[in-house]
Amino acid sequence: MMRVGFLPSDFDPIVLMLGEADDCRTLAAVLRQFARDGGDVSMSALKFCQVVGPDIVLTTADGPPGVEHDQGQRLLWRVPPRTAVAFARQLDDLAGPGRIAGSEYLQCGSPDGIAVKVSRGEYTADFLLGPAEVR
């Protein structure tokens, strides 16, 4: 299960996605389908994701590429289709059998936006879980 959370900060806010190889491959497939079909993709609606905190919505809606707060209680992650395909390739590399651990930043080229980092094997299994979910 890929754990997804927003870590707010005054200087370096980040969306952190923590998973294993299968999760990275599944997210790559979601990004490829998003690039083909468009539309909005809610991370909390994806069966392989557990979102902690505000939902993150992948979208092609008008606006600058990258992650930003919308008017509600969620984050919008605007990704152009070509960039989504490039992100999928990065995730394929992260999921590769020769890579036991590591991370990739999925950057849209917006220097003042919220960073998105996908990590494999770098954090403990309980990182990003709320207190009620830790066993």
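**A mixed sheet and a buried leucine**

In this predicted model, strand 1, which covers residues 2-7, pairs with strand 4 in the parallel sense, and the two are joined over 4 bridges. Within this pairing, G5 stands opposite V52 in strand 4. Strands of a sheet pair through backbone hydrogen bonds, either parallel or antiparallel.

The pair belongs to an open sheet of 5 strands, which follow one another in the order 4-1-2-9-8 with mixed pairing. Strand 4 (49-52) and strand 8 (102-105) stand at the edges of this sheet, and because each has a single partner strand, one side of each is left without a neighbour in the sheet. On average, and with direction ignored, neighbouring strands of the sheet are turned by 20° against each other.

Towards the edge formed by strand 8, the reader can look for helix 2, made of residues 81-94, which lies across strand 8 and strand 9 (115-120) and runs at about 175° to strand 8.

The segment after strand 9 holds L128, a residue worth following back to the strands described at the start. With a relative accessible area of 12%, L128 falls under the 20% limit and therefore counts as buried. Leaving aside residues up to four places away in sequence, L128 touches R3, V4, G5, L7, L16, L18 and V52, a list that includes both G5 and V52, the two residues that stand opposite each other where strand 4 is paired. One of these contacts, L16, lies 112 residues from L128 along the chain, yet the C-alpha atoms of the two are separated by 8.6 Å.

Methods: Residues are numbered from 1 along each chain as its sequence is written. This is a predicted model: local features need pLDDT of at least 70, side-chain atom pairs count only at pLDDT 80 or more; totals for chains, interfaces and linings use all residues. Side-chain values use heavy atoms; hydrogens and water are left out. Two strands pair if DSSP finds at least two bridges between them. Axes are lines fitted to C-alpha atoms, for helices over the stretch in contact, and angles run from 0 to 180 degrees between N-to-C directions. Contact means heavy atoms within 4.5 Å. Buried means under 20% relative accessible area, exposed over 50%, partly exposed in between (1.4 Å probe, protein chains only).
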